[in-house]
Amino acid sequence: MSHRGTPGESPRITLPSLPSTRRGFLAATGAVGGAAALAACGGATGGGGNSGGSDAGGDLPGVGNNGAAGSGRKGDGADQLFIAGFQWSPPTNFNTFAGSPAWPASSNVAQYIYETLLRFNIVTGELKPGLAASHEVDVTSTITLTLQEGITWHDGSEFTADDVLYTFELGKIDPGLGVASFWVEVDEMTADGNTISVAINQDRKNVGTVLNSLATQFIVPKAVFEKAAAETGNKIASWETTEAIGTGPFTLELADQTQIILARNDSYWGQEFYGGLPAMTKIIHPIFKSNEDGNLKFQNGELDVMQQFVPQIWKMWESGKPVGTYLREAPYYTPGSMPMLLMNTARPGLDDPAVRKALAHAVDYASISETAMSGYSSQVLASLIIPDGAEDQWLDRDKASADGWTYDAAKAEQLLQEAGYAKGGDGFYAKDGVKLGPWKLITPQGWTDWNAALEIVAKNLQAIGVDAATNFPQQAQTQSAIQNGDFDMACWYVAGTGPSTPWLRFSDVMSNVEMAPAGQTAYRNYGRWENAEVNDLLQAAAAAADDATKLEALTALDDLYRAEVPAFPLMYRPDEFFEFNATNWANWPAEDNDYAPPMFRGAGNEWIFKLQKIGG
């Protein structure tokens with residue numbers, strides 16, 4: 001499995017999700033590795049690492065899935081945390097608003113340099129304190145935040161509410177920035193001392209989306225970005241900088257072609273809040289050429305934690321390595337995203353919900369999980385709500401089972417026949433001169449797990465009499481085809497779990513607001529599915545004043561989704577792959593040590609303060 005094309009492993013870049021807005025997505029990029037990065041990792045062990053594990057894990061929390069831990073590294077590496085899976089090319093720009101900023105300045109990744117006001121926990125759905133010590137929601141009218149005391153920027157200057165206000169005002173100064181979407185849902189943002197008040201747009205009342213912005217938008221220093229705005233004529237995304245001045249627990253020490261090194265900020269404002277500073281003095285991110293390079297170093301204990309795909313990761317701990325995952329049993333990773341099979345409902349045949357539901361029955365989801373995902377996906381449900389995590393409270397499993405679909409090729413053909421389709425001499429179904437195919441199934445070349453998934457889908461559709469074959473263009477070409485409606489079917493992403501989901505995912509798949517005709521760029525509902533009911537339901541869910549009302553609206557949306565099947569999930573993926581090696585550090589978060597979620601972003605910052613060095 002190569003890195004290129006594994007959408008969960010690469011830096012985030014931004015794309016519009018609404019007119020004049022942008023939303024982050026994961027895109028595959030190539031990389032240039034470096035011998036120095038490998039040497040840095042290898043030298044850090046100093047010959048003292050124990051990549052094979054030991055029985056000492058039985059005395060430590062948060063160790064490998066086999067109960068093993070190492071004996072620690074010697075030398076400087078003993079006090080360093082080695083991380084991988086976020087940066088695959090030489091870092092050139094640390095402007096967090098740029099198209100592809102370097103780690104960790106990339107939007108909504110680990111909060112080591114830049115931080116957010118609130119922090120989302122993907123397991124519990126909680127919004128935890130960040131730069132804001134607390135927040136209160138006044139039904140659907142106002143969100144009030146109280147900032148932490150004593151925050152300073154890395155250059156020693158005082159952090160104030162003006163920095164917060166200016167960060168969001170940048171969405172008005174440069175409407176092409178992702179933060180511009182904040183002003184679709186917000187009328188006003190004001191400050192009184194350390195108290196910030198956010199007035200919700202009362203035509204939309206979309207509190208969840210506003211909370212999402214507050215939990216994902218990095219806050220930047222006004223003094224620095226005012227100068228950047230002046231230098232660029234308010235084209236903030238075009239500004240290039242090799243510096244990153246934030247409020248976080250680490251500062252940027254070095255960035256070259258081989259590695260990024262962060263140094264602990266011993267003046268960090270949060271040491272009292274978190275009960276101390278992080279145990280590691282540096283965080284080092286080597287830059288590898290591929291997953292395989294990183295996986296080998298990880299297995300040998302020269303990387304401590306990663307965010308990248310590891311095929312059959314259980315083989316590592318079965319061979320005695322102190323490797324662990326948050327879930328101790330399959331599927332090993334907490335689900336956080338659902339790659340979808342999008343269907344262009346403007347295409348003859350695909351405009352028929354009976355056909356779309358038949359296709360949903362035709363797909364062998366278990367085979368996709370095992371072949372494309374190493375078994376890391378649990379049973380896919382007929383719902384736009386991701387189970388077994390923060391969204392589970394909104395899921396009606398009984399309805400998903402009774403009114404949905406599962407892999408059943410005979411049922412798929414039965415549905416087609418009941419809808420009036422019949423097989424022709426070529427073995428493919430047709431009705432009134434409309435043949436089901438030939439259809440192309442697209443996803444980017446090199447996104448190997450998605451490529452494998454679509455090969456299975458194409459084979460499944462052929463088996464029931466639907467003419468389908470795969471085609472894997474380059475990522476940019478695939479994206480353009482999907483957004484412009486120039487496709488038959490595609491494997492593509494929709495919103496992952498966050499403060500605004502599952503609402504945002506329903507909007508991504510089903511919204512009929514400002515529908516883009518074929519040939520014009522769409523930022524949601526790529527399949528151009530049309531329905532007269534859905535916008536009212538989306539509005540009701542967004543503006544719900546209490547959980548009971550929200551549940552009712554989300555259930556109605558899921559019912560409509562199952563009846564019409566505008567798209568359907570092929571698998572579940574983690575929002576981030578989170579795997580650790582307890583060679584040098586213990587007390588990793590896991591389901592049996594669940595003080596923090598298996599995340600790098602959001603509330604995942606908590607484990608940085610709780611890791612325990614092994615071997616003194």
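How many bridges join strand β7 to β9, and how do the two run? I looked this up before anything else: five bridges join β7 (residues 142-147) to β9, and the two strands run antiparallel. I note the terms here: strands are DSSP runs of E with at least two residues, helices are runs of H or I with at least four, and both are numbered from the N terminus. Two strands pair if DSSP finds at least two bridges between them.

**Ground rules**

I am working on a predicted model, where local features need pLDDT of at least 70, side-chain atom pairs count only at pLDDT 80 or more, and totals for chains, interfaces and linings use all residues. Residues are numbered from 1 along each chain as its sequence is written, and side-chain values use heavy atoms, with hydrogens and water left out.

**Entry: around β9**

I stayed with β9, which covers residues 195-200. On the β7 side, I143 stands opposite V198 of β9. Then I checked β8 (residues 186-192): six bridges join β8 to β9, again antiparallel. Here D192 is the residue opposite T195 of β9. β8 and β9 make a hairpin with two residues between them, and G193 in the turn has a positive phi of about 65°.

Which side chains of β9 are buried? I196, V198 and I200 point to one face and are buried, while T195, S197 and A199 point to the other face and are not. For me, buried means under 20% relative accessible area, exposed means over 50%, and partly exposed is in between (1.4 Å probe, protein chains only).

**Entry: helix α4**

Next I looked up α4, residues 207-216. Nine of its ten residues are buried, so the helix is largely enclosed by the rest of the structure. The buried ones are V207, T209, V210, L211, N212, S213, L214, A215 and T216.

**Entry: the loop between β3 and β4**

I spent a while on this loop, with β3 at 80-84 and β4 at 118-120. P104 sits in it, and a cis peptide bond joins W103 to P104, with omega about 0°. N108 lies in the loop between β3 and β4 too. N108 is not a glycine, yet I found a positive phi of about 55° there. N108 is buried, at 14% relative accessible area.

Where is F94? F94 is placed in the loop between β3 and β4, and at 2% relative accessibility F94 counts as buried. What does F94 touch, leaving out residues up to four places away in sequence? I listed A102, W103, P104, A105, Y114, T241, T242, E243, A244, L252 and A255, where contact means heavy atoms within 4.5 Å. F94 and E243 are 149 residues apart along the chain, but I see their C-alpha atoms separated by 6.2 Å.

**Entry: other loops**

I found a cis peptide bond from T501 to P502 as well, with omega near 10°. P502 is in the loop between β22 (489-492) and α14 (503-510).

N234 has a positive phi of about 70° although it is not a glycine. I located N234 in the loop between α5 (222-232) and β10 (250-255), where N234 counts as partly exposed at 35% relative accessibility.

A68 is in the loop between α1 (35-45) and β3. Is A68 buried or exposed? At 8% relative accessibility, I put A68 down as buried. The C-alpha atoms of A68 and L504, 436 residues apart along the chain, are separated by 41 Å.

**Entry: the whole protein**

Stepping back, I counted 16 helices and 27 strands. The radius of gyration is 24 Å, close to the 25 Å that the globule rule gives for 616 residues, so the protein is as compact as a globular protein of that length. That radius is taken over C-alpha atoms, and the rule is 2.2 Å times the number of residues to the power 0.38. The C-alpha atoms fill a box of roughly 75 × 60 × 45 Å along the principal axes.

How much of the protein is buried? I noted 60% of the 616 residues. Of the contacts between residues at least 6 apart in sequence, 71% join residues at least 24 apart.
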